[in-house]
Amino acid sequence: MEPFELPVGPVLLRPWREDDAEATWAALQDPDIRLWNGSGSASRDDVARMIRGRMDWSTGDHASWAVVDARTGELLGSVSLHSIDPGQEDAEIGYWTSPAARGRGVASLVVDAVCRWAFGALPIDRIELCHAVENRASGRVAEKAGFTCEGRLRRAYRYGDGVKHDELLWSRLSDDPAPALSSRSRRAR
Ligand SMILES: CC(C)(COP(=O)(O)OP(=O)(O)OC[C@H]1O[C@@H](n2cnc3c(N)ncnc32)[C@H](O)[C@@H]1OP(=O)(O)O)[C@@H](O)C(=O)NCCC(=O)NCCS
């Protein structure tokens, strides 16, 4: 796959660029991203390496975008469809938004947009989303983006605090009803 842009109303999903490193490193200092995306010990070199990995879609196992304000170009967050497995027809989705971009519907808007794109363009029937039980904002994103909660995975994943947390597993299937997020998208400014 070749990286491409996906416009989503007030935000643009665009391929990562090396010059995103500084803004990304700044965003990754946020305590919630350090905890729930495990970026706590990431150095500037780690961030540059991570961005280079997300710029390269040639392995076919992920599609990763920088989420930017469509008008100003400001970096708002990240969304990545990863662990793409054409054999099983499934994939996983991960995301973060910078603190200043939160509460405007950005994460749910882009998660929904990536699901819609994936179900139309890839041999994918199921997308999974996992988050720590305590990360209720992420659960709300899953719910708003049309995912169904399937259950609790006990001591499933070690997060940025070094502790293995219980997680909630959600999925969205290709024939699940898509959420109506148009009013949310208008909220994202
Ligand atoms: C989780 C995260 C991506 C949400 O981003 P966002 O752009 O604010 O998401 P949205 O605006 O689409 O939706 C957030 C929802 O969570 C709700 N929310 C926020 N904090 C909450 C909390 N502590 N408890 C319950 N709900 C909460 C918001 O009210 C909103 O719901 P609403 O629209 O019904 O009011 C962002 O907070 C983040 O990056 N957190 C740190 C990293 C992270 O958790 N990444 C995901 C790992 S699985």
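## Exercises on a predicted single-chain model

Ala145 sits in the loop that joins α5 (136-144) to β7 (148-158), where helices (H or I, at least four residues) and strands (E, at least two) are DSSP runs numbered from the N terminus. This is a predicted model, in which local features need pLDDT of at least 70 and side-chain atom pairs count only at pLDDT 80 or more, while totals for chains, interfaces and linings use all residues. Residues are numbered from 1 along each chain as its sequence is written, and side-chain values use heavy atoms, with hydrogens and water left out.

**Exercise 1.** Describe the surroundings of Ala145, and decide whether Ala145 counts as buried or exposed.

*Solution.* Begin with accessibility: Ala145 has 0% relative accessibility and therefore counts as buried, given that buried means under 20% relative accessible area, exposed over 50%, and partly exposed in between (1.4 Å probe, protein chains only). Next, list its contacts (heavy atoms within 4.5 Å): once residues up to four places away in sequence are set aside, Ala145 touches Ser108, Val111, Asp112, Arg172 and Pro179. A distance adds to this picture, since the C-alpha atoms of Ala145 and Val110 are separated by 8.6 Å, although the two residues are 35 apart along the chain. Finally, consider what lies beside the loop: the buried residues of α5 are Ser138, Gly139, Val141, Ala142 and Lys144, and α5 is followed by Gly146, which has a positive phi near 90°.

**Exercise 2.** Find the largest nonpolar core and state which helix supplies its largest share.

*Solution.* A nonpolar core is a set of buried Ala, Val, Leu, Ile, Met, Phe, Trp, Tyr and Cys residues joined through side-chain atoms within 4.5 Å. The largest one holds 37 residues, of which Leu13, Leu81 and Phe147 touch the most other members. Its largest share, 11 residues, is contributed by helix α4 (residues 106-121). Another core, of 11 residues, lies apart from it and includes Ile51, Ala66, Val68 and Leu75. Turning to Leu81, and leaving aside its neighbours within four places in sequence, one finds contacts that include Asp61, His62, Ala91, Ile93, Val114, Trp117, Leu122 and Ile127. As general background, nonpolar side chains tend to be buried together in soluble globular proteins.

**Exercise 3.** Compare the settings of Ser83 and Arg155, starting from their phi angles.

*Solution.* For Ser83, phi is near 55°, a positive value in a residue other than glycine; the residue belongs to strand β4 (residues 75-85), and Ser83 is partly exposed, with a relative accessible area of 37%. For Arg155, phi is near 35°, again positive in a residue other than glycine; Arg155 is placed in strand β7 and counts as exposed at 63% relative accessibility.

**Exercise 4.** Summarise the chain as a whole: what is its order of elements, and what is its radius of gyration?

*Solution.* The chain contains six helices and eight strands, arranged along the sequence as β-β-α-α-α-β-β-β-α-β-α-β-β-α. Its radius of gyration is 16 Å, which agrees with the value near 16 Å for a compact globule of 189 residues; the quantity is taken over C-alpha atoms, and the globule rule is 2.2 Å times the number of residues to the power 0.38. Along its principal axes, the C-alpha trace spans about 40 × 35 × 35 Å. Of the 189 residues, 45% count as buried, and residues 24 or more positions apart account for 59% of the contacts with a separation of 6 or more.
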